[in-house]
Amino acid sequence: MSEHEYLAKTGLRKYGVDDLERVLDGLRGPVYVHIDLDVLEPTAFGATCYPEPNGVQPQRLIDLVSQVNDIVGAAITEHAPSSDDVNPGEAEVIRRLGAVLTR
């Protein structure tokens, strides 16, 4: 079963970059947040498997997620540096996302 078939079958909602502000505005939990880092603008965060242009800026995503109340669980996925050398700026983005998800 494909991811799209699974989402349709289970009724789980899926949102993209264009929906972020609308979906997160006033969202109240309990809520589980899953963030694929490939949602970020690749010129600002490039260590993903499937970088897509016109993504959200890291600070904007951090600001939006910080407004969500009652996060009961979260996942941050798609960090895929091309070597063992992790970009310190990208590591900081992940740390800051983790901080707002666990506050």
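**Entry 1: sorting residues.** Before I start, a note on terms: I count Ala, Val, Leu, Ile, Met, Phe, Trp, Tyr, Cys and Pro as nonpolar, Asp, Glu, Lys and Arg as charged, and the others, Gly among them, as polar. With that split, the lining of the largest pocket holds 17 nonpolar, four polar and seven charged residues. I keep in mind that this is a predicted model.

**Entry 2: the largest pocket.** I looked up its volume, which is about 1100 Å³. I found 28 residues in its lining, and Arg13, Lys14, Tyr15, Gly16 and His34 lie nearest the centre. Next I asked which elements give two or more residues to this lining. They are α1 (3-10), α2 (20-24), β1 (28-36) and α3 (58-65). β1 gives the largest share, six residues.

**Entry 3: following β1.** Since β1 came up there, I looked at its partner. β1 pairs with strand β2 (residues 69-77) in the parallel sense, over seven bridges. Val33 stands opposite Ala74 in β2. I also noted that β1, α3 and β2 form a right-handed β-α-β unit.

**Entry 4: one glycine.** I picked Gly29, which sits in strand β1. Is Gly29 buried or exposed? Neither quite fits: Gly29 counts as partly exposed because its relative accessibility is 28%, and that class lies between under 20% for buried and over 50% for exposed. Leaving out residues up to four places away in sequence, I see Gly29 touching Asn69 and Asp70. Last, I checked Gly29 against Val93: they are 64 residues apart in sequence, and their C-alpha atoms are 23 Å apart in space.

How values were computed: Residues are numbered from 1 along each chain as its sequence is written. This is a predicted model: local features need pLDDT of at least 70, side-chain atom pairs count only at pLDDT 80 or more; totals for chains, interfaces and linings use all residues. Side-chain values use heavy atoms; hydrogens and water are left out. On a 1 Å grid over the protein atoms alone, a cavity is a set of points where a 1.4 Å probe fits but cannot get out, and a pocket is an open set with protein on both sides within 12 Å along at least five of seven lines; lining residues have an atom within 4 Å of a point. Grid points are joined across faces, edges and corners, and a volume is the space filled by probe spheres set on the points. Helices (H or I, at least four residues) and strands (E, at least two) are DSSP runs, numbered from the N terminus. Two strands pair if DSSP finds at least two bridges between them. A crossover is right-handed if, with the strands pointing away from the viewer, the path from the first strand over the helix to the second runs clockwise. Buried means under 20% relative accessible area, exposed over 50%, partly exposed in between (1.4 Å probe, protein chains only). Contact means heavy atoms within 4.5 Å.
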